[in-house]
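Welcome, and thanks for taking a look at this one. Below is a short briefing on the backbone, the cysteines and the overall make-up of the chain.

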Amino acid sequence: MENENRLEVRDLSVSFRLNDRLEALAVDKVSFHVGHGETLALVGESGCGKSVTCLALMRLLPVPPARIVGGEVILSGRDLLGLPDADMRAVRGTAMSMIFQEPMTSFDPVYTIGDQLAEAILAHERRADPEAVTERVADAMASVGLPDPKNLMRRYPHELSGGMKQRAMIAMALLGNPEIILCDEPTTALDVTIQAQIMDLLAAIREDRGMSMLFITHNLGLVAELAQRAAVMYAGRIIETATVADLFHEPLHPYSAGLLASVPRLGVTVDKLQTIPGSVPGLADRPPGCKFAPRCDYAEAICREVDPALEDRGGRLCACHFPGVANGRQNRERGIGTGPATNSVGTVFCGSVLTTIPPARQWS
């Protein structure tokens, strides 16, 4: 019987050496899964551990200072963390590919685009026919909407626009026909018009090829546009997982509610956007108890002393002593003033595209 999940991450932990004596966890027992043909969004502010998680899955972290200290990464039945280096190199670019965050710096400036895409094939097929490789590269570039691919193959990275380089990077990720693509904020450096085009392209690729995606972002509009489920990450831990509709309509964790409250909404005029005070704690500055407590308007004594476990909340997971408090579910019972109206999200900005959030199921 085929496993219902294409990727399963179980208790993944990654530490970084801060100095000769101190080592700190950047990713702390992170668990999630991605189904066949599904897109899971990994959401959070910069510094939450999203990119480190992604690089750990590919085993691309620099060792030292980084070190994977525990967990399992199961891709189609194989534990990638237990593979020898040679076997893991065979996985990268074939079973699992990655679209990196910065297209402007991800290509080598001294090689042509064609040579660099061809390398992704030749790394796995050293005896491949050169003419066949050229045709495969041209076909991949055409499939992502790049015009006149054989001409572009002879050009260097600086001769392509940011959007063209991002499309070329997506083409490189597709060359090995991977089972899953890891997208590490692939639209960060692009203007909103190109961003919308890239999002449409990624959605089309998922539908046409049936691939799974792990989409890393801090942009909730993009989450609404592309993903079916979302996992919210804070200070190296998953603090909430839910379907995108449930998360947008009724976030359970105050951090999730704060992220959603900062999203602009159509038809609502405000003097200034809401923000979450403070910033994500550094590796050496993580507080005891709930790591979000110093920034949380609803924190109580237990929050500062006991770190809440990630527990099932009616088919969803949430790590909070008072789940739902920020959207008013428990405010009336506990005599606290109501928080941001995060359950009123209907239409949000997704780059230059307006995205409507589907209705949520009833939570109990």
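A residue is called buried when its relative accessible area is under 20%, exposed when it is over 50%, and partly exposed in between. With that in hand, please keep in mind that this is a predicted model. By that cut-off, C303 counts as buried because its relative accessible area is 8%.

**The chain as a whole**

- The chain contains 13 helices and 14 strands.
- Of its 364 residues, 50% are buried.
- Among contacts with a separation of 6 or more, 67% join residues that are 24 or more positions apart.
- The exposed area comes to about 16,900 Å², and 50% of it is supplied by carbon and sulfur atoms.

**Cysteines**

- How many disulfides does the structure hold? The count is zero.
- C303 helps to illustrate this: the closest cysteine sulfur to its own belongs to C290, at 6.2 Å, which is too far for a bond. A disulfide needs the two sulfur atoms within 2.5 Å, so this pair does not qualify.
- Is C48 buried or exposed? C48 is buried, because its relative accessibility is 0%.

**Cis peptide bonds**

- As background, most peptide bonds are trans, so a cis one is worth a look.
- The bond from V63 to P64 is cis, with omega near -15°.
- The next bond along, from P64 to P65, is cis as well, with omega near 10°.
- Where do these prolines sit? P64 is in the loop that runs between α1 (50-58) and β4 (66-75), and P65 belongs to the loop between α1 and β4 too.

**Positive phi angles**

- Most residues other than glycine have a negative phi, so positive values outside glycine also deserve attention.
- S76 is not a glycine, yet its phi is positive, at about 50°.
- S76 lies in the loop between β4 and β5 (78-79). With 41% relative accessibility, S76 falls in the partly exposed class, because that class covers values between the buried and exposed cut-offs.
- D148 is another residue that is not a glycine but has a positive phi, here about 45°.
- Which loop holds D148? D148 is in the one between α5 (130-143) and α6 (149-152).

Notes. Residues are numbered from 1 along each chain as its sequence is written. This is a predicted model: local features need pLDDT of at least 70, side-chain atom pairs count only at pLDDT 80 or more; totals for chains, interfaces and linings use all residues. Side-chain values use heavy atoms; hydrogens and water are left out. Helices (H or I, at least four residues) and strands (E, at least two) are DSSP runs, numbered from the N terminus. Buried means under 20% relative accessible area, exposed over 50%, partly exposed in between (1.4 Å probe, protein chains only). Contact means heavy atoms within 4.5 Å. Accessible areas come from the Shrake-Rupley method with a 1.4 Å probe; for residues, only the protein chains shown count as cover.
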